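Colleague: I should like a close look at one part of this predicted model, namely its main nonpolar core and the elements around it. Please set that part in the context of the whole chain.

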Amino acid sequence: MDMSETPTGTGTIKSVETAFAIMELLADTQQTGVTDIATTLGLAKSTVHNHLKTMCHLDYVVREGDKYRLSWRFLELGEEIRDNHPKYQLFQRHTENLATHFEERAQFIVEENGRGVYLFRETGRHAVRTDSGVGKRIYLHSTAAGKAILAHMPPSASTKSSTPGGCLPSLPIRLSTRTNCSPS
């Protein structure tokens with residue numbers, strides 16, 4: 001994502017958008033250098049360096065030689081958010097029970113800002129491997145769990161949480177010719 005393509009006049013703070021673009025790139029690449037980040041995001045190397053220096057100082061990024069990676073601090077924040085959810089113990093216990101009883105994969109997701117977020121996952125002996133890691137964000141219409149959430153949302157909330165078409169995300173993606181975005 002080239003930062004020059006970021007829409008202006010959105011009432012957002014450009015430096016915060018830049019910091020998060022850098023963090024998301026580090027998450028995607030696992031570890032990379034200033035030049036690669038600058039090239040990928042269309043930023044000056046000095047801008048990238050200053051952001052990385054700040055993020056290192058705050059313990060959100062770790063420098064290893066001439067490469068940078070995200071720190072484990074994000075894990076701490078994510079665990080804190082999840083563990084402080086008032087119903088976490090309840091859905092953790094039920095998800096574990098389902099996985100044990102059926103010996104399959106059981107997952108718990110919630111809706112946040114129009115997307116599904118995996119909060120807990122447990123696997124039984126016969127579980128199929130998927131890429132549904134804890135914290136991963138998905139489009140609600142793309143999974144059975146997400147469709148169940150959409151089915152219980154009022155129509156105004158389910159269409160407001162996505163694009164004007166109803167279920168399509170605002171990001172460019174490839175869709176099947178069978179993708180149904182018509183209200184039922």
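The reply below begins with the chain, moves to the core, and ends with the remaining sheet.

Modeller: The model is a predicted one. Its protein chain contains 7 helices and 5 strands, and from the N terminus on these elements follow the order α-α-α-β-β-α-α-β-β-β-α-α. Of the 184 residues in the protein chain, 28% are buried. Among the contacts in the chain with a separation of 6 or more, 38% are between residues 24 or more positions apart.

The part you ask about is the largest nonpolar core, which has 16 residues. The residues with the most contacts inside this core are I22, L26, I37, L41, V48 and L52. Three elements each give two or more residues to the core: α1 (14-29), α2 and α3. The greatest contribution is that of α1, with 6 residues.

Two of these helices also pack against each other. Helix α2 spans residues 34-41 and helix α3 spans residues 45-57; they pack at an angle of about 115°, and their axes are 9 Å apart. The crossing of α2 and α3 is right-handed. On the α2 side the contact is made by V34, T35, I37 and A38, which meet K45, V48, H49 and L52 of α3. Sorted by class, this contact has 5 nonpolar, 2 polar and 1 charged residues. I37, V48 and L52 thus appear in the helix contact, and these three residues are also listed with the most contacts inside the core.

L26 deserves particular attention. With neighbours within four places in sequence left aside, L26 is in contact with Q31, T32, I37, L52, V61, Y68, R69 and L70. Among these partners, I37 belongs to the α2 side of the helix contact and L52 to the α3 side. Another partner, L70, lies in strand β2, which covers residues 67-70.

From the side of L70, the contacts beyond four places in sequence are with M23, L26, A27, Y60 and V61. L70 and Q31 are separated by 39 residues in sequence, and their C-alpha atoms are 7.8 Å apart in space. Strand β2 pairs with strand β1 (residues 61-64); the two run antiparallel and are joined by 4 bridges. One bridge in this pair links V61 to L70 of β2. V61 and L70 are thereby bridge partners, and both are contacts of L26. The hairpin of β1 and β2 has 2 residues between the strands, and in it G65 takes a positive phi near 70°.

A second, separate core of 5 residues includes F91, V117, L119 and F120. For V117, the bridge partner in β5 is R137. Strand β4 (residues 115-123) pairs with β5 in the antiparallel sense over 3 bridges. These two strands belong to an open sheet of 3 strands, ordered β3-β4-β5, with antiparallel pairing. Because β3 (105-112) and β5 (137-139) stand at the edges and each has a single partner strand, one side of each is left without a neighbour in the sheet. From one strand to the next, the twist averages 40°.

In summary, the core of 16 residues takes two or more residues from each of α1, α2 and α3, and L26 is in contact with L70, a residue of β2.

Conventions: Residues are numbered from 1 along each chain as its sequence is written. This is a predicted model: local features need pLDDT of at least 70, side-chain atom pairs count only at pLDDT 80 or more; totals for chains, interfaces and linings use all residues. Side-chain values use heavy atoms; hydrogens and water are left out. Axes are lines fitted to C-alpha atoms, for helices over the stretch in contact, and angles run from 0 to 180 degrees between N-to-C directions. A crossing is left-handed if the near helix is turned anticlockwise from the far one by less than a right angle, and right-handed if clockwise. Contact means heavy atoms within 4.5 Å. Ala, Val, Leu, Ile, Met, Phe, Trp, Tyr, Cys and Pro count as nonpolar, Asp, Glu, Lys and Arg as charged, and the others, Gly among them, as polar. A nonpolar core is a set of buried Ala, Val, Leu, Ile, Met, Phe, Trp, Tyr and Cys residues joined through side-chain atoms within 4.5 Å. Buried means under 20% relative accessible area, exposed over 50%, partly exposed in between (1.4 Å probe, protein chains only). Two strands pair if DSSP finds at least two bridges between them.
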